[in-house]
Amino acid sequence: MSNRVTAAKETGTMDGGASLVGRGRQPLLPGVAELPKVQASKEGARAYWLNRLYPALADLSPDALRIAEAALQACPADPALLLLAALAAVVAGLPERAIGFLKRHERKYQAGNEVTLLTALALARQGYTARARSLLERD
């Protein structure tokens, strides 16, 4: 048996255990601090993340999207957090990501004016200004 096959059997990984080296010591993205895990009630977690996200969006912080994504890990189906995540993605210049958040929102909740506006902003950011305008004029 080759050394790779032996290493794969011993570590349970196809890379011979290289992916296990340093696991838990290095953050997922070097230079970016990890956000705390919130182990509170759903309402407490929601309030915590809203209190972190509102100031980040108000300051147009580059961390706003990262905070929004962490908030959605804690409260994945929260409608306000989904909309704020879409806004953070638009602000970050990632309209495709914003549309993804909006689609998640629309699967569970009825779309309102805020969804229409965020969708139009994301479409305009992608260069589809005529489509964005017609969406706004329709409602």
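Let me start with one residue: Tyr 48 has a relative accessibility of 27%, so it counts as partly exposed. The next residue to look at is Trp 49, which at 2% relative accessibility counts as buried. Please keep in mind that this is a predicted model.

Why put these two side by side? A search of the whole structure finds one aromatic pair. That pair is Tyr 48 with Trp 49: the ring centres are 4.9 Å apart and the planes stand at 80°, so the pair is edge-to-face. In general, a pair of aromatic rings is described by the distance of the centres and the angle of the planes.

Now the overall layout. The protein has seven helices and zero strands. Along the sequence the pattern reads α-α-α-α-α-α-α. Of the 139 residues in the protein, 32% are buried. Among contacts with a separation of 6 or more, 44% are between residues 24 or more positions apart.

Next, the interior. Which residues have the most contacts inside the largest nonpolar core? They are Leu 53, Leu 81 and Phe 101, in a core of 34 residues. Two or more residues of this core come from each of α2 (42-58), α3 (64-74), α4, α5, α6 (113-125) and α7 (129-138). Helix α4 gives the most, with nine residues. As a general remark, nonpolar side chains in soluble globular proteins tend to be buried together.

Take Leu 53 as an example. Setting aside neighbours within four places in sequence, Leu 53 is in contact with Ala 64, Ile 67, Ala 68, Leu 81 and Leu 84. Leu 81 is thus on the list of contacts of Leu 53, and both are named among the residues with the most contacts inside the core.

A second buried position is His 105, in helix α5, residues 95-108. Its relative accessibility is 3%, and because buried means under 20%, His 105 falls in that class. Not counting residues up to four places away in sequence, His 105 touches Pro 79, Leu 82, Leu 83, Gln 110 and Val 115.

Finally, the surface. The protein exposes about 9300 Å², and carbon and sulfur atoms supply 54% of that. Leu 60, Leu 87 and Val 91 form a nonpolar patch there, with about 230 Å² of accessible area together. Is Val 91 buried, partly exposed or exposed? At 33% relative accessibility, Val 91 counts as partly exposed. Val 91 lies in helix α4, residues 79-91, the helix that gives the most residues to the core.

Conventions: Residues numbered from 1 in each chain as written. Predicted model: local features only at pLDDT ≥ 70, side-chain atom pairs only at ≥ 80, totals over all residues. Heavy atoms only, no water. Helix = DSSP H or I, 4+ residues; strand = E, 2+ residues; numbered from the N terminus. Buried < 20%, exposed > 50% of the residue type's maximum accessible area, 1.4 Å probe, protein only. Contact = heavy atoms within 4.5 Å. Areas by Shrake-Rupley, 256 points an atom, 1.4 Å probe, with all protein chains shown as cover. Patch = residues over 30% accessible without salt bridge, like charges linked within 9 Å, V, L, I, M, F, W, Y side chains within 5 Å. Salt bridge = Lys/Arg side-chain N within 4 Å of Asp/Glu carboxyl O. Phe/Tyr/Trp six-rings, centres within 6.5 Å; stacked < 30°, edge-to-face > 60°. Core = buried A, V, L, I, M, F, W, Y, C linked by side-chain atoms within 4.5 Å.
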